[in-house]
Each structure stands twice: as C-alpha cells, then as structure tokens.
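Student: I should like to take a close look at a single part of this structure, namely the contacts between charged side chains. Could you please describe that part with care, and then relate it to the strands and rings around it?

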Amino acid sequence: MVEPTEHLLALKVMRLIRPTLISPQILTAEPKDVPQYSFQKILHSDATSVAGCETIAAGQFMLLPQSFGNIYLGETFSSYVCVHNCRAHPVSNVSVKADLQSNNSRVSLPIHADKTGPVTLNPEETLDDVIHHEVKEIGTHILVCEVSYMTPAGLETSFRKFFKFQVVKPLDVKTKFYNAETDDVYLEAQIQNITVGPICLEKVELESSEQYTVISLNALPSGESVFSSKTMLQPQNSCQFLYCIRPIPEIARDPSALKAANNIGKLDIVWRSNLGERGRLQTSQLQRCALEYSDLRLNVIEANSTVRIGEGFNFRCRVTNTSERSMDLLMSLNTKAKPCCGYTGVTEFALGAIEPGQMKEFPLTVCPVRLGLIVISALQLTDVFTKRKYEFDNFLQVFVVDEDCREDSFQLDKYVRYSSVGTPNKNIPQTV
C-alpha cells in the first residue's frame, strides 16, 4: 500500500528566466596593511575574477537563477512544468492543471493544450509543458500545480504543489497636468527605473480617449526624437515625456461636454531589461483637473505671429457664453488702459445677444507702435442687461519687426492658441 505522502509521479516546476550579469567585487589594501594577503586570497579564489587581472574587474559573468525569485509587473511569467513517472510500472489517466492565484484573482493557465485527455506514462516517461502569463497585479502570487492520476489498483489520486513569488513595481510613473488658457492640456510624464538593473525604454505612448487627440512633443521639427535611439535608464534614473492633448471639435464646441470630458487616456510603456527580457505597463485612465469656467470665454482663433511696425494688425476673436443665461454684449478695446502701450487703436461695437453655450466671432484691428514682443490687453465685454463688465488682459502676444519678415497667418487649431476667461468687474477692473 502506498503511503499518503508518497506518490507514483514526481512533479518539478522551474521558472524560465534569463541569467543576470555580475561583476567581481574588488577588495584591495596597501602592502603594509595587515589584511593585504587576506584580500588577495579572497580575490584569487573568487570565481568571477580573471586570473592575472583580479584587481581590474575585466568583463562580466552570467549568474544563473538561484531561486524562484521575484518578477516585475508587466513582465511575462514563464515556467516549465514536468511530471515524471519514477516507478517501474505505467501510470494511467495522468492530467495536470496549473492556476495562478493572487490577492484578488485566480487565473487558470492553459497547459497541455495539445492533449485531448488524460495520458498514460510508462516508466521513466515525462509529461511536460511551458506555461506563460503576463502578470498585471502587484503583490504575492502563488502558482498552484495539481497532478491527477490513477493507481494500478484503480484509485483516483491527486496531489498539489505551491510555488510562491512576489510581483513588484518596475517603474515609478508620475504625471503632471497643465491646463492651458485654451482647451489644450499638457501632460508631463516622468518615468523612473526602480528595478535593480538598467532598462531600455522601447515605447512610451499616450493612448487618448475618444474625446481627445494626442500630439507628442518628444520629437524635433525634423521628426527625430529628442532622445537617443535607445532610451537607457540606469537604476533610480528617470526620463520625462511631454504630450499635448486636444479635444475633438465636437467636444471643443460644447462647453458643457468639455467640462465633463475629464478622461484623457492611458500611458502605454514597453521596455527591455535583463538581456532583452520584455515588459509592458499600462497606467490606469488619466484624468485632467475639472475645468472651472466663468460666464464668458475669449479665444483668439486667427492671428499673425509677426507683424510690421506702423501697419494695421488684424486678428479674429471668438467669445463663448458659458453661463446659464442669455447675454447681450457690448465689446470695447481701449489702448489708454495701460501706460506705454505697444499699440494704438480704439474699437467699440455691439456683439448682440448670445444664448447659453453659443459663441460669436468678431474681427479686431490694432496698429503696433513699438518693436519687440507686445501684448494685446484691455478688452472689455459688458452685459447690457446686468451691467456687468468682463475684462480680458494678456490674451494675445505678437512680435513686431521693422523689416518685412512677417510670417503667414496661422490657424490656432494647428499651432498655438490663446484664450482668456472673463470675470465680473464691479467698479475695480479684474484681470484673469
């Protein structure tokens, strides 16, 4: 009779992992020091040192895994599972199951998919397979392997073995959002290598949600990346990536929809570590800060980037009613609001009624009188019904030159846009 602790089959599980690189540790001392000969003896007996060059640390050596070890989040866990018949008689109805259990889930791993059913193992025969699984959760994981078979006496028997390992974070990802005065959002993503060895970033992309489009700002005008061909990060080193997120036109035209569209997208990061071992990490849904709108928004939708001094400078603005009531607006632009103003021009006209959520466009013209960078300010919108005044300062910048080197006008949907948010002005002008 077979004892309960003895089985006819032997189960062996080995994790498949690439070896690591190690360098010899150099210990030296002055000839007059007491431990000099002890250090030399240690160096000569060290398996990682090269004979005759013990103190140079020439090259590196491969170290085979000594234990089941840890695995980093986003890497693929691979393991070799082997069942061996170590008895002198056949064993029938042999089947193997493998489950990966974590703190929050239990996943059944496919094993022996090519087998239609239980098999029979003759003496010294082996049933083996390799299982793979991409780990997506941090914490303790347990690989549970269960072997079932039938004894020669016709009894169904099974046994299980457990293999515990830890899944740890490979990268520390920090994000910062910058809300521009327009509808654009700028995302700075800082990626830090917190593994014990160097890694190579293969891909860092921002996958936008349906409400936004993404423009990567990590390339030069020529299309070449600002980083080297291989973005190598040593342990504890970090790298910054910058993206511009822009709402789609349908969302940008609807202030209420834009206010609710806070989901930006996800960062998708692919890296290589430890002799080319691949890992992938995807962040959770990134969210921008909730937008706070006042009653009115002002956007410059078309303007020249460079103008000539003494000539009329034309630009086009758009005002959006973000309040919940209808407004009848009167627009005025007065250059006397600030001393030493870099332009001249006085304009005042009625915009008419604007319903909630609606917008209206209007042209403006000023004449630059000073070279260099000038700022267009002191635009005032007055609600005829409530007598509230909304002041907009620093809503457009333009460079004034003496030579005819102006650039063509540009659409702000393609390049840089400007906007401002107006607040009520009660007796004292307010600037936003």
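Tutor: In this predicted model, D295, R325, D383 and R388 are linked in a network of salt bridges. The whole structure holds 13 salt bridges according to the search, and several further pairs deserve attention.

Consider the pair formed by E361 and R316. Their side chains meet in a salt bridge, with N and O 3.2 Å apart. This pair links distant parts of the chain, for E361 belongs to strand β27 (residues 359-368) and R316 to strand β23 (residues 313-321), and 45 residues separate the two. Are these two residues buried, or are they partly exposed? E361 counts as partly exposed because its relative accessible area is 36%, a value that lies between the limits of 20% for buried and 50% for exposed. R316 is likewise partly exposed, because its relative accessible area is 31%.

A salt bridge with another setting joins D184 to R246, where the closest N and O atoms are 3.1 Å apart. Here too the pair links distant parts of the chain: D184 sits in the loop between β12 (171-179) and β13 (185-193), while R246 is in strand β17 (residues 238-247), 62 residues apart. Both D184 and R246 are buried. In a further pair, the side chains of D172 and K169 form a salt bridge with an N to O distance of 3.8 Å. K169 is partly exposed, because its relative accessible area is 37%.

The strands named with D184 and R246 lead to a sheet. Four strands, in the order β12-β13-β17-β15, form an open sheet with antiparallel pairing. β12 and β15 (212-216) stand at its edges; each has a single partner strand, so one side of each is left without a neighbour in the sheet. Neighbouring strands of this sheet are turned against each other by 25° on average, direction ignored. At one end of the order, β15 and β17 pair in the antiparallel sense, and five bridges connect them. Within that stretch, Y212 stands opposite P247 in β17.

The strands that carry E361 and R316 can be followed in a similar way, this time through aromatic rings. The search of the whole structure finds four aromatic pairs. In one of them, the ring centres of F315 and F395 are 6.4 Å apart and the ring planes stand at 50°, so the pair is tilted. F315 lies in strand β23, whereas F395 lies in the loop between β30 (389-392) and β31, so the pair ties together parts that are 80 residues apart in sequence. F315 and F395 are both buried. Another aromatic pair, F349 with F362, is edge-to-face, with 6.0 Å from centre to centre and 70° between the planes. Since F349 lies in strand β26 (residues 346-354) and F362 in strand β27, this pair ties together parts that are 13 residues apart in sequence. F362 is buried, because its relative accessible area is 2%, whereas F349 is partly exposed, because its value is 25%. In addition, F313, F315 and F395 form one aromatic cluster.

Strand β31, mentioned with the loop that holds F395, takes part in a second sheet. This open sheet has three strands in the order β22-β31-β28, and its pairing is mixed. The edge strands are β22 (306-308) and β28 (372-376), each of which pairs on one side only. From one strand to the next, the twist averages 40°. β28 and strand β31 (residues 396-401) run antiparallel and are joined by five bridges. One point along this pairing is given by I374, whose bridge partner in β31 is V398.

Finally, a patch of another kind may be set beside these charged contacts. M14, L16 and V130 make a nonpolar surface patch of about 240 Å². Of these residues, L16 is found in the loop between β1 (9-15) and β2 (20-22). L16 counts as partly exposed because its relative accessibility is 35%, which is over the 30% that a residue needs in order to belong to a patch.

Methods
Residues numbered from 1 in each chain as written. Heavy atoms only, no water. Patch = residues over 30% accessible without salt bridge, like charges linked within 9 Å, V, L, I, M, F, W, Y side chains within 5 Å. Areas by Shrake-Rupley, 256 points an atom, 1.4 Å probe, with all protein chains shown as cover. Salt bridge = Lys/Arg side-chain N within 4 Å of Asp/Glu carboxyl O. Buried < 20%, exposed > 50% of the residue type's maximum accessible area, 1.4 Å probe, protein only. Pairing = 2+ DSSP bridges. Axes fitted to C-alpha atoms, helices over the stretch in contact; angles between N-to-C directions. Phe/Tyr/Trp six-rings, centres within 6.5 Å; stacked < 30°, edge-to-face > 60°.
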